[in-house]
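The paragraphs below lead through a protein model, beginning with the packing of its interior and moving on to its charged side chains. Please keep the sequence and the structure in view while reading.

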Amino acid sequence: MTTAEKTPLTPVPSGDHPGTFIGGAWLDRTTSFPSVDPATGETFGHISASEVADVDRAVAAARAAARAWARTSPSERGAILGRWAGLVFQNMHRLAALEARNVGKPLSGGLLNVQIAGSILQFTAGGADKLTGATLPTRSPDFFGFTRREPHGVCAIVLPWNVPAVLFAANIGPALAAGNAVVLKPSEVAPLVIHALVELAEEAGLPAGVLNVLTGVGVELGATLVSHPGIDHISFVGSVATGRLVMQAAAQNLTPIKVELGGKSPNVVFADADLDVAVPAIVRSITENAGQNCNAGSRLLVQADVADEVRSRVVAAMSEIRIGAWHEDLDMGPLVNPVQHERVSGLVTGALGDGVELILGGERPTGRDGGNFLAPTVLSVTDRSAPIVGQEIFGPVLTVETFTDDADALALANGTDFGLLACIWTNDVSRALRMSSEIGAGQISVNQFSDAGVIGMPFNMAKQSGFSSGNGYRALYEFTREKAVAVKLLG
């Protein structure tokens, strides 16, 4: 299949945008920052930067809109989100180009992310009028007890740059469907697709003030937002270090919070695994989006009996990965910016030595002297205490370790501070179920990477990966609080 067959020709997206959306209006500000193509370093537009004072304005706008939106019929809220989802599907090639160029991923990757985002909005639209409480048993017919789910009010949502469309939909969709108003801070690194999605929300009929956006550079804007006393709930997606700071800020006002942080997800390959299925999925799990995913399959744990074969097949497949700019629509793009490129390259270089051997990559691919490109990289690890084993690299870097038996595999899989996703490759159903119950992760996949094919699967996490079940069948519950009502019947 050619690139042209995979994705229709798409106009080159503009990187210009106001960036600040408050009370239903886009506002220009006096300063701006550039939109930069990760493949070339070229500036292709400018975004007007939100000011710290805009936090008060956005929270006030959300507060003014929150009560009316919460009292809007759940069916009407769902209808608006449903129209919004339809507009996302109608505009998906334009949206995909915005995400792909901004992040640097292949155009087909941007298209997939936008399709997922539209599906999430569609899913949460259908859940808006199905958010229910419970009727509880009583001691006698003279009493009646029930619970109801109510929106928090004004939610602050802070998102990273790696898969902006998906994370936007996974948080904004359930927050709005549940009846909350939102103040959103996207990452300044890649906000363009989010701005376009907000414009489509306007077109779908979302009332002014229900969704507000602040896009700015530096930590002060985000810190002011999450510590604001007018915020009733916080959703944060990002690094562990920043997540701790956000939690500290939330504690000052006792604001409820959910956090989605990092990962170091293992692919655990047993000797009886179907390698023809496993190897391509393992390679995709670390090269998709250049490994810049919290659930990237960055650890390969393979049973010693088949270790040589698996390692050689993975290295061969990763050697064939085609690398290029977003519009070339190949297999993998660059890292998002020079800071990320320097960080990932430095972690690889620093890891080499006793117990860690470079067997593929670790440098720029041939012919890609500009931009933030890094070749797919494989590190063979014999020292289980090597820091690289537990560090979230957030790049196309795979560590390979071997194990002897089930107990050894379990020890390796649980050997990091993270607990996001673990993938088990085996034809033994009993082993798969046993491992799935004993691995400390929020998500387990068997003979596949991630949750492909399951609708409403929660994006759960454990340990230092955070606490959240965004985008799952209970996503709306995370953006509501439960109220208990007890009634004594008189007469």
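Contact here means that heavy atoms lie within 4.5 Å. The model is a predicted one, and a useful place to enter it is V182, which, leaving aside its neighbours within four places in sequence, is in contact with A62, C155, I157, I172, A175, L176, V210, L211 and N212. V182 also belongs to the largest nonpolar core, a set of 62 residues in which W84, F168, I172, L176, V182, L184 and L211 touch the most other members. Helix 6, spanning residues 164–177, supplies the largest share of this core, namely 10 residues. Apart from it lies another core, made up of 51 residues, including A281, V348, A386 and I388. In soluble globular proteins, nonpolar side chains tend to be buried together.

Turning to the charged side chains, the structure holds 25 salt bridges. R57 takes part in a salt bridge with D54, with N and O at 2.5 Å, and both residues lie in helix 2 (residues 53–71), three residues apart, or about one turn of the helix. R57 also forms a salt bridge with E51, where the closest N and O atoms are 4.0 Å apart. D54 counts as buried because its relative accessibility is 0%, whereas R57 is partly exposed at 40% and E51 is partly exposed at 28%.

Another salt bridge joins R83 and E76, whose closest N and O atoms are 3.9 Å apart; R83 has a relative accessible area of 41% and E76 one of 35%, and both are partly exposed. Through salt bridges that share partners, R29, E51, D54 and R57 are joined into one network.

Methods:
Residues numbered from 1 in each chain as written. Predicted model: local features only at pLDDT ≥ 70, side-chain atom pairs only at ≥ 80, totals over all residues. Heavy atoms only, no water. Core = buried A, V, L, I, M, F, W, Y, C linked by side-chain atoms within 4.5 Å. Buried < 20%, exposed > 50% of the residue type's maximum accessible area, 1.4 Å probe, protein only. Helix = DSSP H or I, 4+ residues; strand = E, 2+ residues; numbered from the N terminus.
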